[in-house]
Amino acid sequence: PVIPVTEATWDVEFNYDAGAVTGANGNAGAVYIPTLGKFWTSRWASNVAHQWNSDGTLDMQFTLPFTGTRGMVFDGQFVYCSIATTAVQIVDPATRTLVGTIPVTAAPDGARFIAYNPDGDGGSGSIIVGNWTSPNLNFYEFTMSGNLLRTINSTVTGVYGLAYDKWSDGGPFLWVWSQGGGANTPQVIQQMNYTTGVYTGVQHNVSSDVGLGDINGIAGGLFITPNLV
């Protein structure tokens, strides 16, 4: 007989220690780039980035033409990097060169985290950014040319990762990853209804699995892809 398999929401499919491999922690940004079949991670306090094979082995270290990448998203062609300023950096993943920027000046504290919505702006695509500067904890959605489309109210502190989810039943959703109160506090990923801006109550403290034994704040780059099996 065929035995049905129920997939848990929070399965840990793989867990690679980028700090041990690259020699330093603070690898804040992460994204999978299906056109390359590779992952990128970034070290937030520098211009250092790493390209990884899908089995977790290091492919190369390279430098980006800017410093401090916190988050990264892929739109099918380019990688968009948030560097905690009001300019999102656009990188060609094939050449690893800067090809443009998106001004997000309507986000008062700039873009620390970033998500890509392929259905935004009438199907032209949009980016959603924000920062964790209290008291402004909101998210800001922009066209790909930098026009503000929407402000999404949020009161979650310490947000470091954001991902747009058009695939899960009941969506679309935003997944919001927070460092909470920092070291030794819950590092929670929460689900928000993208349309209403209301948190659904679905959440998970990743410190209970991938963060075991890590006393630091570990929330960082967050992405969703339908292209990785």
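## Buried side chains, core and enclosed spaces in a predicted model

A polar atom in the side chain of Gln89 lies 3.0 Å from the backbone oxygen of Ala87. The model described here is predicted. Gln89 is part of strand E7, and with a relative accessibility of 7% the residue counts as buried, because the limit for that class is under 20%. Beyond four places in sequence, the contacts of Gln89 are Phe66, Val79, Tyr80, Cys81, Ile83, Leu98, Gly100 and Thr101.

### The nonpolar core

Strand E7 (87–92) also contributes to the largest nonpolar core, as do E9, strand E10 (126–130) and strand E11 (139–143), with at least two residues from each. This core comprises 15 residues, and the members with the most contacts inside it are Tyr80, Val88, Val104, Ile127 and Val129. In general terms, nonpolar side chains tend to be buried together in soluble globular proteins.

Val88 illustrates these contacts in detail. When residues up to four places away in sequence are not counted, Val88 touches Tyr80, Cys81, Gly100, Thr101, Ile102, Val104, Ala111, Ile114, Ile127 and Val129. Tyr80, Cys81, Gly100 and Thr101 are thus among the residues touched by Val88, and they are also among the contacts of Gln89.

### Pocket and cavity

The second largest pocket holds about 320 Å³ of space. Its lining consists of 21 residues, of which Phe74, Tyr116, Trp167, Ile224 and Thr225 are the closest to the centre. Two or more lining residues come from each of strand E1 (27–33), strand E5 (71–74), strand E9 (113–117) and strand E13 (159–165). By class, 17 residues of this lining are nonpolar, three are polar and one is charged.

Where is space left empty? A probe the size of a water molecule, rolled over the atoms, shows this. One cavity of 30 Å³ or more is counted in the model, and the volume of the largest cavity is about 30 Å³. Ala107, Pro108, Asp109, Gly110, Gly130, Asn131, Asn136, Asn138 and Tyr140 form the lining of the largest cavity. By class, that lining has three nonpolar, five polar and one charged residues.

### Thr22 in helix H1

Is Thr22 buried or exposed? With a relative accessible area of 16%, Thr22 is buried, because this value falls under 20%. The residue belongs to helix H1 (residues 18–22). A polar atom of the Thr22 side chain lies 2.8 Å from the backbone oxygen of Ala18, and the side chain of Thr22 also reaches the backbone oxygen of Ala24 at 3.3 Å. Apart from neighbours within four places in sequence, Thr22 is in contact with Asn27, Arg43, His50 and Trp52.

The polar contacts of the two buried side chains described above are collected here.

| Side chain | Backbone oxygen | Distance |
|---|---|---|
| Gln89 | Ala87 | 3.0 Å |
| Thr22 | Ala18 | 2.8 Å |
| Thr22 | Ala24 | 3.3 Å |

### Residues with greater accessibility

Val210 is found in the segment after strand E16 (199–205). Its relative accessible area of 35% makes Val210 partly exposed, because the value lies between the 20% and 50% limits. Val210 touches Val12 and Asn15, residues up to four places away in sequence not being counted. The C-alpha atoms of Val210 and Phe14 are 9.3 Å apart in space, although the two residues are 196 residues apart in sequence.

Asn184 lies in the loop between strand E14 (173–178) and strand E15 (188–193). At 64% relative accessibility, Asn184 counts as exposed, because exposed residues are those over 50%. From C-alpha to C-alpha, Asn184 and Ile218 are 9.9 Å apart, with a separation of 34 residues in sequence.

### Backbone geometry

Most residues other than glycine have a negative phi, and most peptide bonds are trans. Asn184 has a positive phi, near 65 degrees. Asp121 also has a positive phi, near 50 degrees; this residue is found in helix H2 (residues 120–123) and is partly exposed, with a relative accessible area of 35%.

Which residues does a cis peptide bond join? One such bond joins Ser134 and Pro135, with omega about 5 degrees, and another joins Gly171 and Pro172, with omega about 10 degrees. Pro135 is located in the loop between E10 and E11, whereas Pro172 is located in the loop between E13 and E14.

Key. Residues are numbered from 1 along each chain as its sequence is written. This is a predicted model: local features need pLDDT of at least 70, side-chain atom pairs count only at pLDDT 80 or more; totals for chains, interfaces and linings use all residues. Side-chain values use heavy atoms; hydrogens and water are left out. On a 1 Å grid over the protein atoms alone, a cavity is a set of points where a 1.4 Å probe fits but cannot get out, and a pocket is an open set with protein on both sides within 12 Å along at least five of seven lines; lining residues have an atom within 4 Å of a point. Grid points are joined across faces, edges and corners, and a volume is the space filled by probe spheres set on the points. Helices (H or I, at least four residues) and strands (E, at least two) are DSSP runs, numbered from the N terminus. Ala, Val, Leu, Ile, Met, Phe, Trp, Tyr, Cys and Pro count as nonpolar, Asp, Glu, Lys and Arg as charged, and the others, Gly among them, as polar. A nonpolar core is a set of buried Ala, Val, Leu, Ile, Met, Phe, Trp, Tyr and Cys residues joined through side-chain atoms within 4.5 Å. Buried means under 20% relative accessible area, exposed over 50%, partly exposed in between (1.4 Å probe, protein chains only). Contact means heavy atoms within 4.5 Å. A polar contact is a pair of N or O atoms within 3.5 Å; within protein, one must be able to donate a hydrogen and the other to accept it, and residues adjacent in sequence count only if both atoms are side-chain atoms.
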